[in-house]
Amino acid sequence: MIDLSLPRSPSVLPDKRQVAASFSRAATSYDSVAELQRDVGRQLLARLPVSFAPRRWMDLGCGTGYFTRALGARFGATGGLALDIAEGMLNHARPQGGAAYFLAGDAERLPLQGTTCDLVFSSLAVQWCADFASVLSEAHRVLKPGGVFAFTSLCVGTLYELRDSWRQVDGLVHVNRFREFEIYRQLCEASGLKVVSLETRPHVLHYPDVRGLTHELKALGAHNLNPGRPGGLTGRARILALVEAYERFRQAKGLPATYQVVYAVLEKPL
């Protein structure tokens, strides 16, 4: 545990190395393709209580710091802490400011003392955490009474078009798996935090072709990270089969990619 005045950087847990490395590599390309991430984060900001004015806040899974800067502009940078598991993201975010401290750390084991923060804000980060119950427990621990944990995540149904298209090609895991929304609901209700709001909404992006989608996922660092994924290069015949299968989803705007986004605002009881 550390005090906010001591900006140390704990080691990344071994089982998170692959996630951290993938997002570190994507640090320089992330913002160029982060349309969904910016839209979802802005909607989460809009869900915060109107009169809410946290003195100490944390951007959990800050990435390139886009919302760290937004939070700093709204609540003041001197009370801000940005935390991410990917050192590459932190190295990209730190020079742009927005918070007083930038720390490497794991959402399942936060490097903070208890009752430290008035707000824990996390947009499209906790879906990469294997133990979401621990994320909730840690948020409960570091929040002050009356503090808010606001997060967005992804649930089952995300990128179903890409998943279903790959199923027409082979039986391997090509698309990241996500929790069911019901699991989020159950864990939030059992967390000891009051559920102020919890819902899921679809966000649909459109692409001219499959390559546009897969290029974006790679640039975000969000390409396939699951166990059981295929190794090596994907052959031309399988790519052509994927393209053919995905074409059945085509709409007037292009090929759709659906993201099922979870929005949640939780409060620690007084």
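A residue is called buried when its relative accessible area is under 20%. In this predicted model, buried residues make up 51% of the 270 residues in the chain.

**Overall picture**

The chain has 10 helices and seven strands. Its accessible surface is about 12,500 Å². Carbon and sulfur atoms hold 53% of that surface. Contacts reach far along the sequence: of those with a separation of 6 or more, 80% join residues 24 or more positions apart.

**Strand β7 and its partners**

Strand β7 covers residues 255-267. How many of its 13 residues are buried? The count is 12, so the 20% limit places β7 among mostly covered elements. In a regular strand, side chains alternate between the two faces of the sheet.

β7 pairs with β5 and also with β6, as the table shows.

| Strand | Residues | Sense of pairing with β7 | Bridges | One bridge pair |
|---|---|---|---|---|
| β5 | residues 143-154 | antiparallel | seven bridges | F151 with A264 in β7 |
| β6 | residues 194-207 | antiparallel | 13 bridges | H203 with Y259 in β7 |

**Cysteines**

How many disulfides does a search of the whole structure find? It finds zero. Two cysteines can still be placed by their cover. Is C62 buried or exposed? C62 counts as buried because its relative accessibility, 8%, is under the 20% limit. C117 is buried too, because its relative accessible area is 1%, again under 20%.

How values were computed. Residues are numbered from 1 along each chain as its sequence is written. This is a predicted model: local features need pLDDT of at least 70, side-chain atom pairs count only at pLDDT 80 or more; totals for chains, interfaces and linings use all residues. Side-chain values use heavy atoms; hydrogens and water are left out. Helices (H or I, at least four residues) and strands (E, at least two) are DSSP runs, numbered from the N terminus. Buried means under 20% relative accessible area, exposed over 50%, partly exposed in between (1.4 Å probe, protein chains only). Contact means heavy atoms within 4.5 Å. Accessible areas come from the Shrake-Rupley method with a 1.4 Å probe; for residues, only the protein chains shown count as cover. A disulfide is a pair of cysteine sulfur atoms within 2.5 Å. Two strands pair if DSSP finds at least two bridges between them.
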